[in-house]
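Grab a coffee and work through these exercises with the structure open beside you. Try each task before reading its solution.

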Amino acid sequence: MAKGLDLSAAHILVTGGAGFIGSNFVHHLRREFPGARVTVLDKLTYAGNLANLDSVKDDAGYRFLKGDICDRDRVAEAMRDCDVVVNFAAETHVDRSIENAQEFLLTDTVGVFVLLEEARRVGVKRFVQVSTDEVYGEILSGEATEEAPLLARNPYAASKIGGDRLAYAYFATYGVPTIVTRCSNNFGPYQFPEKLIPLFVTNALEDKPLPVYGSGKNVRDWIHVADHCRAIVALLEADDTEGMTFNIAGGNERSVLEIAGAILAHLKKPATLLTHVTDRPGHDRRYAIDAARLARATGFQPSVPFEKGIADTIDWYVSRRDWWEPIRTGEFRHYYERTYGSR
Ligand code: NAD
Ligand code: DAU
């Protein structure tokens, strides 16, 4: 068993750091640990955006490397002298995995293998594999603990199980000090506008319909991205967390219709914008997780109340058209047409 880490002068590799949660995590590290060195390795897929990291790009102690976590040489370069790896890099959108799962298998499973092999060679002090609560599949009643069976039902979630269990296997087999986290649905600034909340906010701002899949009664547990970042830091700083898996929950179960209602009310837009469209195939009815193990190990509790978090998030999109308009007018238009055009 190992002591928790002092991150104040650590060298931390953040893979997928140009995406939604990864970029929020980099900002969190810069604020909380200004003496830490941060390397970002990111392939800059459609979801990666250097604008998310604009405010740190000239910081001493910060380095950006464009590259694929499946590329061994690039991974070796990125991980040189690293103490800690936090792997956010992934293909993350369920609807895209339904359209074509190949990149999901490569990045979310094989990419994690490449990172773990290098982490083993380098001898990093901690490796966090950022997994997801989707690995449990739908939870129709109660809450999944970390011991619940992994019954993923969509290609994204199945690919994430590969990375999740490889991280554990590298601990059990080779002693690589991995931690697996399974967080619920994040929301906050810099989320790519294909995901529910930013899609509905940006559509509403453009007076376009909000496409509710099926009944809209599907439930997710929502956590502000700042709380997700704090939970990962708490796990890195805690003693004896290596080899363990932790759920990270927000404690805010809401249906899609409740989320849509909150967005329309905040923006003072009419309910007539709600449009029910053909359901997502294999659409999980509900996710719910028990995060008692995390609380016991670290004392962590989420701190952003849902109502404040969602209001701040909507206001962020209202004030940051400069961020999302270029995304929505680019390749995204083709994705949107393919996914929603004849739905
Ligand atoms: P995102 O799609 O916004 O960002 C993913 C980032 O990974 C992008 O910057 C992309 O360029 C990069 N990337 C993709 N493939 C890569 C590759 N092969 N090599 C290097 N970089 C690559 O995702 P997100 O929502 O920020 O999610 C981050 C992580 O958190 C993912 O592992 C996801 O499974 C997990 N997660 C997300 C949520 C959520 O609600 N968003 C909840 C739980 C867990
Ligand atoms: O639970 C954690 C997971 O949350 C992460 O691992 C994933 O990376 C992340 O994308 C998210 O997955 P979901 O499938 O839950 O998120 P999404 O935003 O795609 O959908 C949330 C809910 O909203 C879901 O019930 C489907 C519904 N939805 C979504 C979209 C995009 C709609 O009704 N209409 C839509 O247009």
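**Exercise 1. Polar contacts of ligand 2**

How far is an oxygen atom of ligand 2 from an N or O atom in the side chain of R220? Keep in mind that this is a predicted model. Then look for other polar partners of ligand 2 and work out how much of the ligand the protein covers.

*Solution.*
Step 1. Start at R220: an N or O atom of its side chain sits 2.8 Å from an oxygen atom of ligand 2.
Step 2. Move on to N185, where a side-chain N or O atom is 2.7 Å from an oxygen atom of ligand 2.
Step 3. Now try the backbone. A polar backbone atom of P211 is 2.7 Å from a nitrogen atom of ligand 2.
Step 4. Finish with the surface: ligand 2 taken alone exposes 690 Å², and the protein buries 95% of that.

**Exercise 2. The shell around ligand 2**

How many residues surround ligand 2, and which are the closest? Sort the shell by class, then find the contribution of α6 and β8.

*Solution.*
Step 1. Count the neighbors: 23 residues surround ligand 2, and the closest are T132, D133, Y156, N185 and R280.
Step 2. Sort them, and you get 11 nonpolar, six polar and six charged residues.
Step 3. Check the elements. Helix α6 (196-205) and strand β8 (210-213) each supply at least two residues of this shell.

**Exercise 3. Helix α6 and what follows**

Is α6 largely enclosed or open to the outside? Take a look at the residue with an unusual backbone angle just after α6, too.

*Solution.*
Step 1. Use the cut-off for buried, which is under 20% relative accessible area.
Step 2. Apply it along the helix: the buried residues of α6 are I197, P198, L199, F200, V201, T202, N203, A204 and L205.
Step 3. Draw the conclusion. Since nine of the 10 residues of α6 are buried, the helix is largely enclosed by the rest of the structure.
Step 4. Pick one of those residues, F200, and measure across to L274: they are 74 residues apart in sequence, yet their C-alpha atoms are 9.4 Å apart in space. L274 belongs to strand β12 (residues 274-277), and with a relative accessible area of 27% it is partly exposed.
Step 5. Step off the helix end. In the loop between α6 and β8 you meet D207, which has a positive phi of about 55° although it is not a glycine.
Step 6. Put that in context: most residues other than glycine have a negative phi.

**Exercise 4. A second positive phi**

Where is K268 found, and is it buried or exposed?

*Solution.*
Step 1. Locate K268 in the loop between α8 (256-267) and β12.
Step 2. Read its backbone: phi is near 55°, a positive value in a residue other than glycine.
Step 3. Compare its accessibility with the cut-off for exposed, over 50%. K268 has 74% relative accessibility, so it counts as exposed.

**Exercise 5. Ligand 1**

Which residues are closest to ligand 1? Follow its backbone contacts, then see which element gives the most to its shell.

*Solution.*
Step 1. List the closest residues: I21, D42, T92, Y156 and K160, from a shell of 28.
Step 2. Check backbone N or O atoms against oxygen atoms of ligand 1. The distance is 2.7 Å for I21, 3.2 Å for F88 and 3.5 Å for V130.
Step 3. Look at coverage: taken alone, ligand 1 exposes 830 Å², of which the protein buries 96%.
Step 4. Find the elements giving two or more residues to the shell, namely α1 (20-32), β5 (126-132), α5 (155-174) and β7 (185-187). β5 gives the most, with three residues.
Step 5. Split the shell by class into 12 nonpolar, 12 polar and four charged residues.

**Exercise 6. N186 and its partners**

What joins the side chains of N186 and H228? Place N186 in the fold as well.

*Solution.*
Step 1. N186 is in strand β7, and at 7% relative accessibility it counts as buried.
Step 2. Its side chain and that of H228 are joined by a polar contact of 2.8 Å.
Step 3. A polar atom of the N186 side chain also lies 2.9 Å from the backbone oxygen of S184.

**Exercise 7. A surface patch**

Which residues make the nonpolar surface patch of about 220 Å²?

*Solution.*
Step 1. The patch is made by L106, V110 and F113.
Step 2. Zoom in on F113, which lies in helix α4 (residues 102-122). Its relative accessible area is 37%, so F113 is partly exposed.

Note on methods: Residues are numbered from 1 along each chain as its sequence is written. Chains are lettered from A and ligands numbered from 1 in the order in which they are written. This is a predicted model: local features need pLDDT of at least 70, side-chain atom pairs count only at pLDDT 80 or more; totals for chains, interfaces and linings use all residues. Side-chain values use heavy atoms; hydrogens and water are left out. Patches are made of residues with over 30% relative accessible area and no salt bridge: like charges are joined within 9 Å, nonpolar side chains (Val, Leu, Ile, Met, Phe, Trp, Tyr) within 5 Å. Accessible areas come from the Shrake-Rupley method with a 1.4 Å probe; for residues, only the protein chains shown count as cover. A salt bridge is a side-chain nitrogen of Lys or Arg within 4 Å of a carboxyl oxygen of Asp or Glu. Helices (H or I, at least four residues) and strands (E, at least two) are DSSP runs, numbered from the N terminus. Buried means under 20% relative accessible area, exposed over 50%, partly exposed in between (1.4 Å probe, protein chains only). A residue is near a molecule or strand if one of its heavy atoms lies within 4 Å of it. A polar contact is a pair of N or O atoms within 3.5 Å; within protein, one must be able to donate a hydrogen and the other to accept it, and residues adjacent in sequence count only if both atoms are side-chain atoms. Ala, Val, Leu, Ile, Met, Phe, Trp, Tyr, Cys and Pro count as nonpolar, Asp, Glu, Lys and Arg as charged, and the others, Gly among them, as polar.
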